[in-house]
Amino acid sequence: MNYYIHIPFCRNKCGYCAFYSEPAPTPLQIGAFLDELERRLAATDLDEAQAPETIYLGGGTPSLLSCRELERLFQLLGDQLRPGDATEISMEANPETLTREKIALIRTFVNRLSVGVQSFRAELRKTLERDCTQGALENALEMVRAADFPHWNCDLIYAIPGQTRNDWESDLLRAAVSGADHISCYNLTAEEGARLGATWQISEEDGAEWWRLTGELLGAHGVNRYEVSNYSRPGAECRHNCNVWRGGLLRGFGPAAASFDGRRRYREPESLTAFLAGAPPEVDEIQPEARLNEIFAVNLRTRAGWTPELWRQVPHADAWQERLRKVDGIRAQIPPEWIVFSEERITLSDSGMLFWDSIAELLL
Ligand code: SF4
């Protein structure tokens with residue numbers, strides 16, 4: 001089982017963000033959230049079969065919590081979910097919220113830290129409305145390196161208004177030598193509900209060219225693309241995301257958290273007030289075939305794509321031959337250089353990954 005805990009608080013709201021979070025929370029709000037999280041975890045029947053393979057603390061900004069609040073959070077997750085030595089425990093952190101004491105505490109529970117750098121250039125972070133000085137960023141990275149996490153990720157954003165190709169290249173180089181073994185690179189897009197992004201976008205050609213540059217440059221440093229936006233050193237892929245992409249069971253807690261039980265998807269309301277009031281999640285009753293098609297299409301974003309073995313691990317998967325037949329049915333509409341198709345593997349090439357949306361549309 002994979003667990004996701006949504007911590008719905010941020011210091012302030014970044015201009016490009018479409019995730020649900022409450023800016024500038026009071027200690028009372030955080031305390032009430034932790035009380036309700038504890039109540040819900042305790043009320044959930046978590047038997048042996050649901051032992052956590054991964055736990056992901058996302059948000060929002062989990063690292064905004066004080067040391068006391070984090071201590072309480074780790075205690076209740078440890079008691080209720082009972083992670084083992086092999087459980088991957090990830091947590092998102094923003095550099096400006098980290099102190100030496102907090103990192104030491106996080107290191108006692110978390111084995112994979114994801115640091116929201118976004119850009120190494122102060123003026124570009126300012127454009128994103130990220131509230132992090134250069135000093136705070138450098139200091140946080142130094143402390144994260146010293147804490148010696150088994151794995152840590154550096155989050156970057158490209159196509160920020162005003163960013164040049166050279167700026168992007170230099171961000172990539174800094175991330176590649178930062179010590180992080182995982183780098184996520186997202187193209188700033190016009191997210192619904194976000195202030196920034198709708199106003200500015202680079203051309204499709206430039207976007208494609210920067211994406212290629214990203215793969216080449218990080219690849220030259222041993223950090224390889226394993227999904228359209230994700231790069232890692234061998235063995236440092238994010239297990240939580242890989243499991244969820246492949247249709248693994250997911251149990252989410254907190255406002256806006258999603259769950260998947262193998263057949264249905266659930267989504268908690270995007271509201272702290274509703275969460276505190278115990279509001280039930282929305283249930284998405286998608287048809288089994290549509291669900292399988294979706295899982296199949298999503299993983300064509302990954303370098304590994306699909307093999308019969310991987311497909312067999314999907315809950316309630318249909319026959320591999322059925323998948324082959326489906327893809328074969330649309331192959332005439334896809335340039336042959338975009339897809340690797342055989343009895344043993346279905347994968348997109350680099351150029352195919354760039355046009356994943358169009359291929360997914362044909363499959364869905
Ligand atoms: S981008 Fe991250 S830090 Fe900024 S508002 Fe969204 S969740 Fe919070």
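## Two arginines, R264 and R239

In this predicted model, R264 sits in the loop that connects β12 (258-260) with β13 (265-267). With a relative accessible area of 28%, R264 is partly exposed, and, leaving aside residues up to four places away in sequence, R264 touches S259, V283, D284 and E285. A longer separation is given by the pair R264 and R112, which are 152 residues apart along the chain and whose C-alpha atoms are separated by 29 Å.

R239 belongs to helix α8 (residues 239-245) and, at 32% relative accessibility, counts as partly exposed. Once residues up to four places away in sequence are set aside, the residues that R239 touches are E53, T54, A86, T87 and E88. R239 and S90 are 149 residues apart in sequence, yet their C-alpha atoms are 9.5 Å apart in space.

## Residues around the ligand

The ligand is surrounded by C10, N12, K13, C14, Y16, C17, G60, T61, N94 and R130. Sorted by class, this shell comprises 4 nonpolar, 4 polar and 2 charged residues. One of the residues around the ligand, C17, has a relative accessibility of 16% and therefore counts as buried, the limit being under 20%.

G60, also among the residues around the ligand, is found in the loop between β4 (54-59) and α2 (67-81). The peptide bond that joins G59 and G60 is cis, with omega at about 20°.

## Cysteines without a disulfide

The structure holds 0 disulfides. For C132, the closest cysteine sulfur is that of C14, and because the two sulfur atoms are 10 Å apart, they are too far from each other for a bond; a disulfide would require the pair to lie within 2.5 Å. C132 is also buried, since its relative accessibility is 10%, while its closest sulfur partner, C14, is listed among the residues around the ligand.

## Helices α10 and α12

The axes of helix α10 (residues 288-298) and helix α12 (residues 320-330) come within 12 Å of each other and cross at roughly 70°. An angle from 65 to 115 degrees counts as roughly perpendicular, which is why α10 is described as roughly perpendicular to α12.

On the α10 side, the contact is made by E289, L292, N293 and F296, and on the α12 side by R323, K326 and V327. Taken by class, the residues of this contact divide into 3 nonpolar, 1 polar and 3 charged.

## Backbone angles at R82 and E129

Two residues that are not glycine call for attention in the backbone. R82 has a positive phi of about 50° although it is not a glycine, and R82 is found in the loop between α2 and β5 (88-93). At 53% relative accessibility, R82 counts as exposed.

E129 likewise has a positive phi, of about 65°, without being a glycine. The loop that holds E129 runs between α4 (122-127) and α5 (134-147), and E129, at 33% relative accessibility, counts as partly exposed.

Notes
Residues numbered from 1 in each chain as written. Predicted model: local features only at pLDDT ≥ 70, side-chain atom pairs only at ≥ 80, totals over all residues. Heavy atoms only, no water. Near = heavy atom within 4 Å. Nonpolar A, V, L, I, M, F, W, Y, C, P; charged D, E, K, R; others polar. Buried < 20%, exposed > 50% of the residue type's maximum accessible area, 1.4 Å probe, protein only. Axes fitted to C-alpha atoms, helices over the stretch in contact; angles between N-to-C directions. Helix = DSSP H or I, 4+ residues; strand = E, 2+ residues; numbered from the N terminus. Parallel < 35°, antiparallel > 145°, perpendicular 65-115°, else oblique. Contact = heavy atoms within 4.5 Å.
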